[in-house]
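Thanks for making the time this morning. I would like to walk you through one structure, beginning with the whole chain and then turning to a few single residues.

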Amino acid sequence: MPVFTRFRQPPTPADEPHEEDTPDEAPEGREPDEPHEPDVVEPEDPGEAVEAAPAAEPAARTAGPSDAPRPARRGTWRTWRTWRTWRARHPRAALVLRRTTTVLAAVLVLGALLLPNTLVALEPNRFARIPAEAVIAAVLLLCLPRAARRVAAALFGLGLGVLTVLNLLDMGFTEYLGRGFNVVLDWGLLDDAQAYVADSMGGAAAAWAAVGAVVLVVLVLVVMALAAVRLGELLAAHRERAARGALTVATVWMTCVALGVQTFGVPVATRSASGALEAQAHRVVDTLRDEAAFAKEAKADRFGATPGAQLVPDLRGKDMVFTFIESYGRSAIEDPVTAPGVGRTLDAGTKALAAKGFRAKSGWLTSATYGGSSWLGHSTFLSGLWVDNQQRYRTVTAGDHLTLTKAFRETGEWDTVGVMPGVQKAWPEAEWHGLDKVYDAFDLGYRGPKFSWSTMPDQYALEAFQRLEHGRKRDRPLMAEVILTSSHQPWAPLPRMVGWDEVGDGSVYDGIEASGVEASDIIADSTRSKEEYGKSVAYSVTSLTQWLERYGTDDTVLVFLGDHQPLARVSGDGASRDVPVSVVAKDRKVLDAIDDWNWTEGLKPAEDAPVWRMSSFRDRFLTAYGSTPHPTGE
């Protein structure tokens, strides 16, 4: 009686493919129907060594040291044995599961290769194409031995996972900031995004969102690597057919390129994945080059060496107020949904201010940012430099480039303050702004509720500014930088105007906030977002113009503008980066000094009013009010 027993699996039904159809069973390089040598069969117990022996072997051989089982944990053996047993007992279900897994792996890999990096391009026709990278990867995997093939497939899958994550980040950044994700500079903005979610929807939502994002990234990387390995093993199991298929697809791809064949309006042949990686690489290189070039540019300043006595002499004795209105963009004035309400507010403000003796002139500035990153717009406006990314911001704020606000402090003729209700942590940039005193979210005495991201209503912030600084008797005039935040997304819930004498410590807003619209009700609805955005801008403008009506004097000069356009969901795809800017004063000489700017009379700039880059405003303003240039070099 032989010592070794041959174990046989139940026969495969005649109408079903053999188990060898998949890379789990088929030895590399052999077609499924080819004969093969007997296999080692797993023992019923890990301690036994049982081998499948040829039936013709007359006698058993003596087991030697090489027949000893490989070390393995009992749990691993049992899991594998259970799987093999289930597969043997349910061949149809096992076949369906294997084929489903293979199809899903192919869908994931092809989907990742064809995934665009913008939501606008995310259409079905983008996935009806042939990616060159798939053909190249298939040929490479077919040429490699087993171990190297698995490693290469896993790395290829990880690369696709990384590319997928970058494409998703590009989608989000393009939607919110009007530009793609910068792998060098933008990681810090993810913290800001989490803080925004926490302020808008609560800390629990922000925590779950962060956990979900991390889990999603890990899942994408792991699943994509497993999918690529699965397909690599399938190619190896059907090497000859796979090689013929790869050659055929490569021929079709080259023919489509040569003839410019298109389906559904897009080319059939594509190399979008490698193109996306190439674009990311160029973005990195350009960022590193830009850092050095901008550092040199920031050292040159047309007014950097101007003595204080020669800065803004024509504004001596005036109380200067520079105010940024969050997300106050051109779309607020021109979009059909928002324009009627905002337009009425601007017309009413112009008329009410005129009744108090104020005149206004308005134009357009093209912001350095879009959808968010307000500090980039602020620093561009104040410095006269184009600050459109975080590295430029760090570079300019670390230097001594003259800002518009600092110019007033350099004269020695003004007290300089900042009202920053959106600042909730240390803010070392105050020195660069040239501010002697900064009132942040905790210094204004507010005891009311937050309105989503905004820590307090604009009306309250302006009333606090009046109480703490503008309304006080002083020996010198005041220069103030005020940042209003009520028009910050997601524009729900919104405050509304109350009597100025009723503002108090802000408790009056408790009921207003509680009865407001929830952010979750509008955040995914473009039309409702536009409506609430328009209301928020109207509220901010009304707060500012009423403050000026109520507290402005003959010597008050107000310059206010938007920092950037709202995100694409509100401003629309392909919207400009233009924002309105206005100069308001009672003294006619103040406005006469900018007659050659050809701005529109009133608070609403005409559609054809001049459009300047935001970085050009500082020098134009300093020049208009008598400043003498004294450049600094390197």
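I will take the overall fold, then the cysteines, and then one threonine.

Please keep in mind throughout that what you see is a predicted model. The chain runs to 634 residues, of which 47% are buried, and along it there are 21 helices and 13 strands. If we take the contacts with a separation of 6 or more, 77% of them are accounted for by residues that stand 24 or more positions apart in the chain. As for the outside, the accessible surface comes to about 30,100 Å², and carbon and sulfur atoms contribute 58% of that.

Now to the cysteines, where a biochemist may well ask how many disulfides there are. With a pair of cysteine sulfur atoms required to lie within 2.5 Å, the count is zero. Two of the cysteines are worth showing for their surroundings: Cys143 is exposed, because its relative accessibility of 61% is over the 50% cut-off, whereas Cys256 has a relative accessible area of 11% and is therefore buried, that value being under 20%.

Finally, let me turn to Thr411, which belongs to helix α13, spanning residues 404-411. Is Thr411 buried or exposed? Thr411 is buried, because its relative accessible area, 11%, falls under the 20% limit. Leaving aside residues up to four places away in sequence, Thr411 touches Gly308, Leu311, Val312 and Arg316. The side chain of Thr411 also reaches the backbone nitrogen of Glu413, at 3.1 Å.

Notes:
Residues are numbered from 1 along each chain as its sequence is written. This is a predicted model: local features need pLDDT of at least 70, side-chain atom pairs count only at pLDDT 80 or more; totals for chains, interfaces and linings use all residues. Side-chain values use heavy atoms; hydrogens and water are left out. Helices (H or I, at least four residues) and strands (E, at least two) are DSSP runs, numbered from the N terminus. Buried means under 20% relative accessible area, exposed over 50%, partly exposed in between (1.4 Å probe, protein chains only). Contact means heavy atoms within 4.5 Å. Accessible areas come from the Shrake-Rupley method with a 1.4 Å probe; for residues, only the protein chains shown count as cover. A polar contact is a pair of N or O atoms within 3.5 Å; within protein, one must be able to donate a hydrogen and the other to accept it, and residues adjacent in sequence count only if both atoms are side-chain atoms.
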